[in-house]
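Please open the model in your viewer and have the selection tool ready. We will go from the whole chain down to single residues, one stop at a time.

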Amino acid sequence: MTTTWTAAYRSAMVSPFESMTLVHGPRGFADQTVRQVVRVRGEGERLRVRFSNLYGARPLVVGRVVADGAAVTFGGGARVTVGAGEEAVSDPFAFPLKGEADLTVSAYLPEETGPATYHPFALRTTWITSGDGDAPGGEESESGFFLSGVDVAAEARRPVVVAFGDSLTDGVGTTPGADRRYPDVLARLVPGASVVNLGISGNRLVSDEFGERGVARFAREVPAVPGVTHAVVQVGLNDIGMPVVFDVPPVTFDELTAGYRAIAETAARHGITTVVATVTPFGGAQPPGVDLAAEEALRQRLNAWLRANEAGFAAVADLDAALRDPADPSALRPDHDSGDHLHPDDAGAEAMANAVARTLGI
């Protein structure tokens, strides 16, 4: 099996820092059906789905799963219980795939789940209905819940590229429902590979305030992706910029470089070809009256270190060069700015994908 879609998840419990943001909070379910739509790519005749209870405090009972109208089984049965901290993998089911397609997955959750393991910015609508059913409509949510991956049974082995990072990889700033995140564009630029997205908003490289720190998350999540061959690491912006906005400890240059080195070492141990990205500009994103001179100096110093590739990654994707404003290198190009001076828009995501594609060698 080769992974064709995946999602990174946050803790079921909201941290004090997340409660101060506009991040969609977690929730629980009981006697409800959660219907989600994901974009799958590749070639094959059968798929399987994965459900995660990574951050659950109790077993997750999934009473029934339907994928595009077809019943999905787990070990031959319709019902599966996923232990706290565990993942369940379905039996393969028929789904002829050639190119790109939407897959609709409905999961009936008959018992109290407690706060759900969730993804706050799915950029796709999730529908929630009462009882056991997968009919259209219902309450809408911008988060994804429990569905952690989709794999395809492919006849030919293809490279699997994991896009790992923060909200820029997650796709915040791009058009919701349009699949125009940079990993989506990258998948179209390298059609011979499978590109999956493990971006999660707010993620930091070396601290845990907004989800598990990137160093630990990379070590746990990326090698576990079925068939992974390559990874693209885009993280570090929140380490530099977040202390300006939230009461979180600043990080040093040495802490950041140690984090990148740790990721490079993890990738090397697992034989994963890994590209690192430079940290993108965020001038203008700070609260009014805040001087970012020290943060910008740290970003420039870190980017010089990344371009020199002292950590020994396979290559460097210079996203800073792809996105910065020639008239003000501390800021995003106006035609790549979603409007918040932090997240690229659709055109910016395309520029990111082009820069990454040039470095992958696929």
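The tour below starts with the overall fold and ends at individual side chains.

**The whole chain**

Keep in mind throughout that this is a predicted model. Colour the chain by secondary structure, and you should find 8 helices and 20 strands. The radius of gyration is 20 Å, close to the 21 Å that the globule rule gives for 362 residues, so the chain is as compact as a globular protein of that length. Along the principal axes, the C-alpha atoms fill a box of roughly 55 × 45 × 35 Å.

Now colour by accessibility. Buried residues account for 56% of the 362 residues. If you turn on the surface, its accessible area comes to about 13,900 Å², with 51% belonging to carbon and sulfur atoms. Contacts are worth a look as well: among those between residues at least 6 apart in sequence, 79% join residues at least 24 apart.

**The nonpolar cores**

Next, select Y182, V222, Y260 and L302. In the largest nonpolar core, which has 62 residues, these four touch the most other members. Helix 8 (residues 346-360) gives the most to this core, with 7 residues. Apart from this core lies another one of 35 residues; F29, A67, V72 and V150 are among them. As background, nonpolar side chains in soluble globular proteins tend to be buried together.

Stay with Y260 for a moment and show what surrounds it. Beyond its neighbours within four places in sequence, Y260 is in contact with L205, V235, G236, V276, V279, L302, W305, L306, A311 and F313.

**Helix 6**

Three of those partners, L302, W305 and L306, are also among the buried residues of helix 6, so let us go there next. Select residues 293-308. At 1.5 Å a residue, the 16 residues of this helix should span 22 Å, and its end C-alpha atoms are 23 Å apart, which agrees. The buried residues here are E295, E296, L298, R299, L302, N303, W305 and L306. To see what covers them, display elements including helix 4 (237-245), helix 5 (253-269), strand 17 (273-277), strand 18 (315-317), helix 7 (319-323) and strand 20 (328-332).

Zoom in on N303, which lies in helix 6. Is N303 buried or exposed? At 0% relative accessibility, N303 counts as buried. Its side chain reaches the backbone nitrogen of V279 at 2.7 Å. Not counting residues up to four places away in sequence, N303 touches T278, V279 and D320. Then step off the end of the helix: N309 follows helix 6 and has a positive phi, near 55°.

**Helix 2**

Select residues 182-189 to bring up helix 2, where 6 of the 8 residues are buried. Those buried residues are Y182, P183, D184, V185, L186 and A187; you met Y182 earlier in the largest nonpolar core. The cover over them includes strand 2, strand 14 (160-165), helix 1 (167-170), strand 15 (194-199), strand 16 (230-234) and helix 8.

**Two ends of strands**

Strand 2 (residues 32-52) holds S52, our next stop. With a relative accessible area of 7%, S52 is buried. A polar atom of the S52 side chain lies 3.1 Å from the backbone nitrogen of L54. Setting aside residues up to four places away in sequence, S52 touches L60, E86, E87, T117, F146 and S148.

For a contrast, pick S130 in strand 10 (residues 126-130). At 70% relative accessibility, S130 counts as exposed. Leaving aside neighbours within four places in sequence, its contacts are D31 and Q32. Try the distance tool on S130 and V34: they are 96 residues apart in sequence, yet 9.1 Å apart in space, C-alpha to C-alpha.

**Two loops with positive phi**

Finish in the loops. Which loop holds D68? D68 sits between strand 4 (64-67) and strand 5 (70-72). Its phi is positive, about 50°, although D68 is not a glycine, and with a relative accessible area of 44% it is partly exposed.

The last selection is H341, in the loop between strand 20 and helix 8. Phi of H341 is near 65°, a positive value in a residue other than glycine. H341 is partly exposed, with a relative accessible area of 35%.

Definitions and conventions:
Residues numbered from 1 in each chain as written. Predicted model: local features only at pLDDT ≥ 70, side-chain atom pairs only at ≥ 80, totals over all residues. Heavy atoms only, no water. Helix = DSSP H or I, 4+ residues; strand = E, 2+ residues; numbered from the N terminus. Buried < 20%, exposed > 50% of the residue type's maximum accessible area, 1.4 Å probe, protein only. Polar contact = N/O pair within 3.5 Å; in protein donor to acceptor, adjacent residues only side chain to side chain. Contact = heavy atoms within 4.5 Å. Core = buried A, V, L, I, M, F, W, Y, C linked by side-chain atoms within 4.5 Å. Rg over C-alpha atoms; globule rule 2.2 N^0.38 Å. Areas by Shrake-Rupley, 256 points an atom, 1.4 Å probe, with all protein chains shown as cover. Expected span 1.5 Å × (residues − 1).
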